[in-house]
Amino acid sequence: MHILVCGGTGCHASESESLLSHLKAIVADKGLDKEIQVIATGCFGFCEKGPIVKIMPDNTFYTQVTPADAREIIEEHIIKGRKVNRLLYQDPENKEHIADSKHMGFYKKQIRIALRNCGFIDPENIDEYISRDGYEALAKCLTEMTPQQVIEEMKKSGLRGRGGGGFSTGLKWEITSKSVSDVKYVVCNADEGDPGAFMDRSILEGDPHSVIEAMAICGYCIGASIGLVYIRAEYPLAIDRLKTAIAQAREYGLLGNGILGTDFAFDIELRYGAGAFVCGEETALIHSMEGLRGEPTVKPPFPSVSGYFEKPTNVNNVETFANVPVIINKGAAWFASIGTEKSKGTKVFALAGKINNVGLIEVPMGTTLREVIYEIGGGIKDGKKFKAVQTGGPSGGCLTEKHLDSPIDYDNLIAAGSMMGSGGMIVMDEDDCMVSIAKFYLDFTVEESCGKCAPCRIGNKRLYEILDKLTKGNGTREDIDRLRNLSQVIKDTALCGLGQTSPNPVLSTIENFWDEYIEHVTDKKCRSGQCKALLQYVIEAENCVGCTACARNCPVNAISGERKGVHVIDQTTCIKCGACLEKCKFNAVFIK
Amino acid sequence: MGQVKSLADLRKIKEELQGRMSLRENSNNPESLVQVKVAMATCGIASGAKQVMDFFIEEFEKRNIQAVVTQTGCMGYCFAEPTVEITLPGHSPVVYGYVDTKKADDIIEKYIKNGELVDGIIPVNYETIEKK
């Protein structure tokens, strides 16, 4: 039997490492270490309920397992064959315990291509990767196909860049292969920077060899012998696993000179990023790798023509690479049969925000937002009402109820005023204020702007200030028009993708939540209660018994009134901390 | 392990790990495979269920039969231990009683390979909750 324990960062943070060592110790203690193997795997995606433990072969899926549960799992399940009911996943609707992941709503609608090995193999064991057809695609390319044939296959598959832009991967490879130069480079963009997005990290942590293999295939196609992974230093576990994987691949001769008995040579090195959002943009990324400031430059020239140290450079995202070996093994036609007309295959999304099943999912292109949020995501937390979903990170936009049934693909999302982005999906409920959300993203872009071009450096700052004015109750109708105009100017004039897309959260919230903006400026009201400056704490005379609890707890002495008499809050002194509301036992304090 | 020099070398590694990985691969689709559940409660183990289970696991590998062998708790037929429940794909489960390695051999050869019933079936006289 195999006991698989999730070793992704999410579960790591919930003590999965200590759980792993407990399980191993108990198995050894019982003398079962020959029959039972305890294996650390990559992310299962169901991070909401981590740490995850899966028992094979009966496919039992345990959630939220603590180190203290290890003994019970071994003694009850492994030795006596009785499943530990309290650790099984509970269906939120009918409260039934579900033993098998196949029957969980979370996994039912998913197709796993890029995540095929995550949560299945031990990422630190190259043999397990090989046993799942690993490096066969590379062998097939090197021995049976010419670079041009591989590129044709990639083009036929319809794979588009998963980092957000959605450019055809095959075409990119073809352009780089046609650039004439003595040295060329393959670069893997692992600078995942969208708030709330973690799919690239999970792939590198759970299946690093798939990226290594794909980079080698790309190297073969474009004529490069050096691969570079640009990875953020904030991903220590991913870096660790990648280093282990590279060392193993070298030992097996799958990296280095004369790979698989051919004269093809390829090796991979790591380059660390310091975590700047703009470095996800390929020209800025290349400058950062060269040791310069992480600033973008005007394209063209595209990196495919002149990139790393002015040599032709092919930059692809982690998830894009993870799809490549499967396409070669199973064929372009198979891959193209999944998805929609113009967006093929699957997409990994990181679900976050006010949703029940926070985690990592992979669905075919064309799945609707409703399926993702309600069927896989398990709906909105605490039974609240869905308000919006933010896709594409700070470059994307907010989609609302009316977009729920439109299929997700590159072109549909752009038509709806958002974008695919790298795949972060943040769900918001009725308690979120859309003006504050726009402000949050602008705060992020202001912080992350490299400062090279004026529209982004100054324009975004001004956008932020106007939004801040709105949330403080000082906004006017003209401010909304100003937001719109300025946004358009920034979009038209900024130098790189960061600046050109940074006004998107503002524009899409104005478009979809016009009423809320108007409320903020004309009625000076925030319906969700998020904008503190627009709130008033008031004491209802009828309910107030004069217990003085509120007055005693007010940090600024804004509440006055006699004992056993009605109390009053002085609005000019009140700092809206909410202490009175919390302390009142008679429901006399309310928010207006 | 030395260097991997060809596709054949890769396939060799893959084959070597087949046994280890097929356990995991198969458990993703248990209903398409032969499922063998061995009752491994105190009564079963005392009557030799452990040897029977080992026998099934080893023989399936030797005879190249794709099957999932799992243990389960007491089925309630303590008089007939060791008991084994076999589910062929698309068939209802069948429970055999008094299974020793010789009987197990019979079950593999006749029932699992050819679908011929073997003596010693315990009639099922209960309904599970899911069926109701």
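**Group meeting: a walk through chain A**

Let's start with one pair of residues. Gln390(A) stands opposite Cys398(A), which belongs to strand E14(A). Keep in mind that this is a predicted model.

Now the strands around that pair. Strand E13 of chain A covers residues 386-391, and 4 bridges join E13(A) to E14(A). The two run antiparallel.

Step back to the whole sheet. What is the order of the strands in this open sheet? In chain A it reads E12-E11-E15-E13-E14. That is 5 strands, with mixed pairing. Which strands stand at the edges? They are E12, residues 359-364, and E14, residues 397-400, both of chain A. Each has a single partner strand, so one side of each is left without a neighbour in the sheet. There is a twist to report as well. On average, neighbouring strands of this sheet are turned by 30° against each other, with direction ignored.

Next, the whole chain. Chain A has 24 helices and 19 strands. Its radius of gyration is 27 Å. The globule rule gives 25 Å for 592 residues, which is close, so chain A is as compact as a globular protein of that length. Along the principal axes, the C-alpha trace of chain A spans about 90 × 65 × 40 Å.

On to the helices. Two packed helices are described by the angle between their axes and the distance between the axes. Our example is H6(A), residues 136-144, with H10(A), residues 208-222. Their axes come within 9 Å. They cross at roughly 10°. Angles under 35 degrees count as roughly parallel, and H6(A) and H10(A) are therefore roughly parallel to each other. The crossing of H6(A) and H10(A) is left-handed.

Which residues make the contact? From H6(A) come Ala137(A), Leu138(A), Cys141(A) and Leu142(A). H10(A) brings Glu213(A), Ala216(A), Ile217(A) and Tyr220(A). By class, this contact of H6(A) with H10(A) has 7 nonpolar residues, 1 charged and no polar ones.

Last stop, chain B. How many residues does the contact take from each chain? It takes 23 from chain A and 24 from chain B. On the side of chain A that touches chain B, the elements that give two or more residues are helix H5, residues 126-131, and H6, both of chain A. H5(A) provides the largest share of that side, 4 residues. By class, the side of chain A that touches chain B has 9 nonpolar, 7 polar and 7 charged residues.

So H6(A) comes up twice: in the contact with H10(A), and on the side that touches chain B. Thanks, everyone.

Technical notes. Residues numbered from 1 in each chain as written. Chains lettered and ligands numbered in written order. Predicted model: local features only at pLDDT ≥ 70, side-chain atom pairs only at ≥ 80, totals over all residues. Axes fitted to C-alpha atoms, helices over the stretch in contact; angles between N-to-C directions. Parallel < 35°, antiparallel > 145°, perpendicular 65-115°, else oblique. Left-handed = near helix turned anticlockwise from the far one by under 90°. Contact = placed C-beta atoms within 7 Å. Nonpolar A, V, L, I, M, F, W, Y, C, P; charged D, E, K, R; others polar. Pairing = 2+ DSSP bridges. Rg over C-alpha atoms; globule rule 2.2 N^0.38 Å.
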